[in-house]
Amino acid sequence: MEALSSKKTSSLKNLGQLSAGARARIYALGASKSDIQAKLLAMGILPGRDIHLMRKFPSFVFQVGNSQFTVDREIAQEIFVCHPEVI
Amino acid sequence: MNSHIDYLDEPLQKALLQIIECLKSSYAVSKQTLALLLLQEDPYVETLVQKEEGEAYVKIKELVQKTAAGYSEPLRFVITMNRQKAVDALVSQSVSSPKRSSLKISNFLSQLMIHPLTGYPIVALILYYGLYQFVGVFGSGTLVDFIETTIFENHINPWITSLVQGLLPWKVIQDLFVGEYGVFTLGVRYAMAIVLPIVGTFFIAFSMIEDSGYLPRLALLLDRSFKKIGLNGRAVIPMVLGLGCDTMATMVTRILETKREKVIATLLLALAIPCSAQLGLILALLSPVPSALFLWGGVVIGEFFLIGYLTAKLLPGRQPQFFMELPPLRLPLFSNVMSKTLSRIQWYFMEVLPLFVIASVLIWAGQLTGLFGWIIELLKPLVSALGLPAEAAIIILFGFFRRDYGAAGLFDLQSKNLLTHNQLAIAAITLTLFLPCVAQFLIMKKERGLQTTLLMSAFIFAMAFGTGFLLNLGFNIFGVIL
């Protein structure tokens with residue numbers, strides 16, 4: 001679980017940098033905005049889970065597990081992802 | 001005391017038990033739940049426990065901080081990850097999921113709804129059929145005609161009138177119940193024959209849209225535009241509901257996250273969102289004059305965005321954030337739609353019927369004492385500044401009680417051919433922007449406080465008459481005839 005540290009997010013891609021249709025694995029949640037992290041945790045958007053980015057415009061739409069969510073860019077940029085095989 | 005939360009790490013388990021020991025007061029939820037929330041620094045629970053435990057809270061806070069120091073992540077994060085690990089283990093033991101065979105049609109429809117190219121035409125279709133055809137044409141046209149003309153004018157009114165005239169020999173008292181502004185002939189008739197069919201059809205349409213899962217999709221489509229007026233996409237829920245009843249919608253602004261958003265949404269609902277009763281009557285009134293209808297729509301929508309934009313600029317506070325779960329699209333269940341609609345109509349009636357009756361009594365008393373005539377004299381200069389005939393003063397007075405009441409009065413005036421098209425447009429725009437009805441004023445006071453509500457009301461009053469005045473001025477200067 002050490003690898004999930006949210007302090008090492010600078011070298012990672014966030015959801016805003018992926019293109020629509022991409023599949024990835026959530027690596028960390030941004031820690032600088034604790035209110036956003038709390039929302040993501042409450043929705044079950046957690047490190048280690050697979051994410052499928054379906055749309056980026058007009059808002060971000062993605063699927064985690066069996067649920068779909070829609071968020072704005074500010075929140076999407078706090079979801080850091082990696083290639084599905086990294087963790 | 002044994003902890004049942006055995007999925008937590010050793011240090012968290014220990015801290016949890018220690019915090020439970022510190023909680024001496026009695027609470028509505030279990031101490032274990034409270035302790036878990038305290039570890040996650042839930043602001044609501046922190047305030048509650050601080051109030052209940054006093055001094056001991058300092059010790060709890062120290063315990064939480066000491067525990068947090070042992071982790072590199074916030075405890076909220078650690079606890080959620082601990083829990084998820086336990087859940088995943090349970091799920092993998094007990095659940096097997098077949099190859100995904102999600103409904104193709106619902107997925108396809110969902111894609112169309114959230115794609116900008118197809119999404120906006122779908123909004124337009126839903127507004128046209130759900131709102132204009134079903135509520136406007138069917139509700140405020142067909143149903144109102146039937147209930148008002150066939151049921152009330154031909155059957156109930158003559159029966160009640162002769163009953164009252166037989167029972168009460170005094171003309172003044174007869175007028176209270178069955179006169180021009182009588183409790184039955186005006187108050188109950190407006191509520192049952194004009195407002196009920198319109199609001200009822202709206203609530204049916206809204207419940208179907210709500211149950212289908214369409215609203216979150218509309219929210220994501222509109223989030224960018226709503227951000228410009230200081231709101232987030234989620235605010236479409238109170239805004240769409242406001243097209244039914246602004247009073248109910250003002251209560252629903254509770255779903256918005258920050259006070260700033262709640263204030264902006266409350267102001268916009270009161271100023272620029274016409275309720276269904278008003279909307280139905282105004283659409284019926286203006287649809288024979290398309291130029292007036294477009295002017296009305298343009299001015300009201302324009303002020304919605306302009307005032308929203310300016311308020312967002314002026315009010316301090318952070319930009320709103322948008323996040324929502326997208327539920328799968330579903331066909332609404334008939335029984336659910338009906339039970340929701342019925343409970344909403346029931347609520348609406350408990351709010352509205354007494355107000356309509358009180359309004360009738362006030363008008364009756366006002367006429368009897370001459371107060372009514374005095375207020376109308378007072379309003380006449382204001383009304384003539386808008387280029388409206390003196391009779392319109394009565395409508396403005398009605399509008400103080402309820403905006404739909406005022407719109408219904410406008411309807412009467414128009415059917416007597418007392419208004420030019422220019423005057424009709426000005427009256428409809430002023431009345432739409434005008435002060436909220438009494439019920440909405442009371443809800444605004446309850447949700448936002450008296451001071452904010454009085455400020456908003458004064459602003460709305462100035463906006464409504466200012467807009468009417470400027471339009472009239474513009475018409476005269478440029479010689480516009482609609």
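## Who is tucked away in helix H10

In this predicted model, the buried residues of H10(B) are Tyr214(B), Pro216(B), Arg217(B), Leu218(B), Ala219(B), Leu220(B), Leu221(B), Leu222(B), Asp223(B) and Phe226(B). Notice that Arg217(B) and Asp223(B) are among them. As background, residues three or four places apart in an α-helix point the same way, because there are 3.6 residues a turn.

## Length, bend and what comes next

Let's check the length of helix H10 of chain B, which covers residues 214-228. With 15 residues at 1.5 Å each, this helix should span 21 Å, and its end C-alpha atoms turn out to be 22 Å apart, so the two agree.

H10(B) isn't straight, though: there's a bend of about 55° at Leu222(B), which is also one of the buried residues of the helix. After H10(B) comes Gly230(B), with a positive phi near 75°.

## Zooming out to the domains

Chain B is assigned three domains: domain 1 (10-91), domain 2 (113-340) and domain 3 (345-478). For domain 2 and domain 3 of chain B, the C-alpha centres sit 18 Å apart.

## Where domains 2 and 3 touch

Here, 43 residues of domain 2 of chain B are in contact with 40 residues of domain 3 of chain B. On the domain 2 side, the elements giving two or more residues are helices H8 (171-178), H9 (183-212), H12 (246-252), H13 (259-272), H14 (276-286) and H15 (290-314) of chain B. H9(B) chips in the largest share, ten residues.

What kinds of residues make up that side of domain 2 of chain B? They split into 31 nonpolar, nine polar and three charged.

Terms used:
Residues numbered from 1 in each chain as written. Chains lettered and ligands numbered in written order. Predicted model: local features only at pLDDT ≥ 70, side-chain atom pairs only at ≥ 80, totals over all residues. Helix = DSSP H or I, 4+ residues; strand = E, 2+ residues; numbered from the N terminus. Expected span 1.5 Å × (residues − 1). Bend = angle between axes of the 7 residues up to and from the residue. Buried ≥ 20, exposed ≤ 12 C-beta atoms within 10 Å, placed from the backbone. Domains from an automatic or database assignment. Contact = placed C-beta atoms within 7 Å. Nonpolar A, V, L, I, M, F, W, Y, C, P; charged D, E, K, R; others polar.
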